[in-house]
Amino acid sequence: MVFARNLTKHTQTHPFLKWAGGKRQLIPQMDKFFPKKYNKYIEPFIGGGAVFFYLLPENSIISDNNPDLINCYKVVKEDVEGLIESLKKHRYEKDYYYEIRSLDRDQNQYAELSDVEKASRSIYLNKSGYNGLYRVNSKGLFNVPFGRHKNPKICDEENLRKVSIVLKNVKIVLGSFEICLDFAEKDDFVYLDPPYYPLSDTALFTSYTKNSFDKSSQIKLHEVFKELDNRGCKIVLSNSYSEFILDLYKDFKIVTLKAKRNINSNSQKRGLINEVLILN
Ligand SMILES: C[S@@+](CC[C@H](N)C(=O)[O-])C[C@H]1O[C@@H](n2cnc3c(N)ncnc32)[C@H](O)[C@@H]1O
C-alpha cells in the first residue's frame with residue numbers, strides 16, 4: 001500500500017493545459033473525501049488533470065478518449081525538450097493563430113505533423129485561444145476563436161519539465177472510460193470526472209470531442225462504477241447536481257459541493273452552483 005507522494009518544492013506542478021470543467025477550484029472542498037491510502041491511482045477522464053497534479057500519486061494510470069490531449073501527455077513525458085523548442089517558435093498574433101488552427105482542416109496535412117508538432121499546436125491553441133477552451137465542431141475540427149489575453153505564457157518551461165518528471169512512471173492510455181476496468185483492482189483509487197449531465201439543454205457544455213457524452217454514456221458509467229465497487233476499489237465521481245444523477249447513484253454516498261461556474265452560456269454571469277461528489 002502506498003501513500004500519495006509528499007509535495008515538495010521540487011516536484012510541485014500544475015496542469016499544463018486549461019481544461020473546461022477543470023477541478024482546480026474545487027480541490028479544497030474535495031480533499032477530505034480522497035482516500036488517504038491506496039494502491040494504484042486511476043483517472044479515466046484526465047482532461048487537464050487538476051486532481052492528478054494535486055495528488056501526484058506514485059503509481060498511476062491516466063486516460064481520456066481525446067487523441068490530441070493524450071498525445072500532449074505522451075509528448076510531455078517522452079520529449080519535453082523537443083516540445084519546448086517547438087513551443088518557443090509560436091507567436092501570440094491573430095493571423096498566425098488562425099493559420100496554426102487551420103492545420104487540422106486538411107487531414108492529410110495534419111497527419112504529416114510529428115507528435116511533437118501536434119502537441120505543440122494543441123498547447124499553443126490552448127494558451128492563445130479564447131478562454132483556454134478545447135472545443136471541436138461536429139467534424140472534429142478545433143474551432144475556438146483567438147483569445148483576449150495580454151501576454152499568455154505559451155511555453156512554461158519550468159512547469160513542463162517538472163510535469164515530464166512526474167509523468168515518467170505514469171501509464172498514459174487513449175481510450176473510452178471503460179478501459180479503466182482493464183487495470184482496476186482492489187484498493188485502487190479511481191477518480192471519475194466525466195462530462196457532466198446537463199442541467200438544461202444549453203446550460204452546460206458537454207461536447208468535448210466529436211461524440212458527446214449523452215444519457216446512455218452516464219448509464220454505462222454507472223455500470224462501470226458498480227463494477228469498480230464490486231472489485232473493492234475506492235471511487236470518487238464528480239457530476240452535476242441533477243435529479244437524474246442523484247437518482248442513478250442513490251445507493252451510494254452523495255456529497256454536495258459549491259462550484260463557481262458560468263451559469264448561462266449566453267452571458268458572462270458566474271455564480272455558485274451545486275455539484276455532487278459520489279463515493280462508495
Ligand atoms: C470534465 S472533463 C475532466 C476535467 C479534469 N478533471 C480536469 O480537472 O481538467 C471530462 C473529460 O472527459 C473526456 N471524455 C469525454 N468522453 C469520454 C469517454 N467516453 N471516455 C473517456 N474520456 C472521455 C473529455 O475529453 C474530457 O477531457
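Q: Why are both Phe 34 and Phe 189 called buried?
A: Both Phe 34 and Phe 189 carry this label because a residue counts as buried when its relative accessible area is under 20%, as exposed when over 50%, and as partly exposed in between, with a 1.4 Å probe and protein chains only. For Phe 34 the relative accessible area is 4%, and 4% is under 20%, so the residue is buried.

Q: How do you know which parts of this model can be used for such statements?
A: The model is predicted, so local features need pLDDT of at least 70 and side-chain atom pairs count only at pLDDT 80 or more, while totals for chains, interfaces and linings use all residues. Residues are numbered from 1 along each chain as its sequence is written, and side-chain values use heavy atoms, with hydrogens and water left out.

Q: What makes two rings an aromatic pair, and how many pairs are there by this rule?
A: Rings of Phe, Tyr and Trp (its six-membered ring) pair if their centres lie within 6.5 Å; planes under 30 degrees apart are stacked, those over 60 are edge-to-face, and the rest are tilted. By this rule the model has 21 aromatic pairs.

Q: Why is the pair of Phe 34 and Phe 189 called tilted?
A: The ring centres of Phe 34 and Phe 189 are 5.8 Å apart and their planes are at 45 degrees. The distance is within 6.5 Å, and the angle is neither under 30 nor over 60 degrees, so the pair is tilted. Phe 34 lies in the loop between helix 1 (27-30) and strand 2 (37-38), and Phe 189 in strand 6 (residues 189-192), so the pair ties together parts that are 155 residues apart in sequence. Helices here are DSSP runs of H or I with at least four residues, strands are runs of E with at least two, and both are numbered from the N terminus.

Q: What makes the pair of Phe 34 and Tyr 191 edge-to-face?
A: Phe 34 and Tyr 191 are 6.5 Å apart, centre to centre, with 70 degrees between the planes, and 70 is over 60 degrees, so the pair is edge-to-face. Tyr 191 lies in strand 6, so this pair links parts that are 157 residues apart in sequence. Tyr 191 is also buried, at 0% relative accessibility. Ring pairs link Phe 34, Tyr 38, Tyr 41, Phe 52, Phe 53, Phe 189 and Tyr 191 into a cluster.

Q: How do you know that the charged end of Lys 118 sits over the ring of Tyr 110?
A: A charge sits over a ring if NZ of Lys or CZ of Arg is within 6 Å of the ring centre and within 35 degrees of the ring normal. The charged end of Lys 118 is 5.3 Å from the ring centre of Tyr 110, and Lys 215 lies over the face of Phe 244 at 4.8 Å.

Q: Which residues come nearest to the ligand?
A: Of the 24 residues around the ligand (near means having a heavy atom within 4 Å), Trp 19, Gly 48, Asp 64, Phe 177 and Asp 193 come nearest.

Q: What makes the approach of Asp 64 to the ligand a polar contact?
A: A polar contact is a pair of N or O atoms within 3.5 Å; within protein, one must be able to donate a hydrogen and the other to accept it, and residues adjacent in sequence count only if both atoms are side-chain atoms. A polar side-chain atom of Asp 64 lies 2.6 Å from an oxygen atom of the ligand, which means that the distance is within the limit. Side-chain atoms also approach a nitrogen atom of the ligand at 3.1 Å from Ser 176 and at 2.5 Å from Asp 193.

Q: Why is Asn 239 called buried, and which polar contact joins its side chain to Gln 218?
A: Asn 239, in strand 7 (residues 234-240), has 0% relative accessibility and therefore counts as buried. Its side chain meets that of Gln 218 in a polar contact of 3.1 Å, while the backbone nitrogen of Tyr 197 lies 2.9 Å from a polar atom of the Asn 239 side chain.

Q: What makes the phi of Leu 56 worth a remark?
A: Most residues other than glycine have a negative phi. Leu 56 has a positive phi of about 45 degrees although it is not a glycine, and it lies in the loop between helix 2 (50-55) and strand 4 (60-64). Asp 187, also not a glycine, has a positive phi of about 70 degrees.
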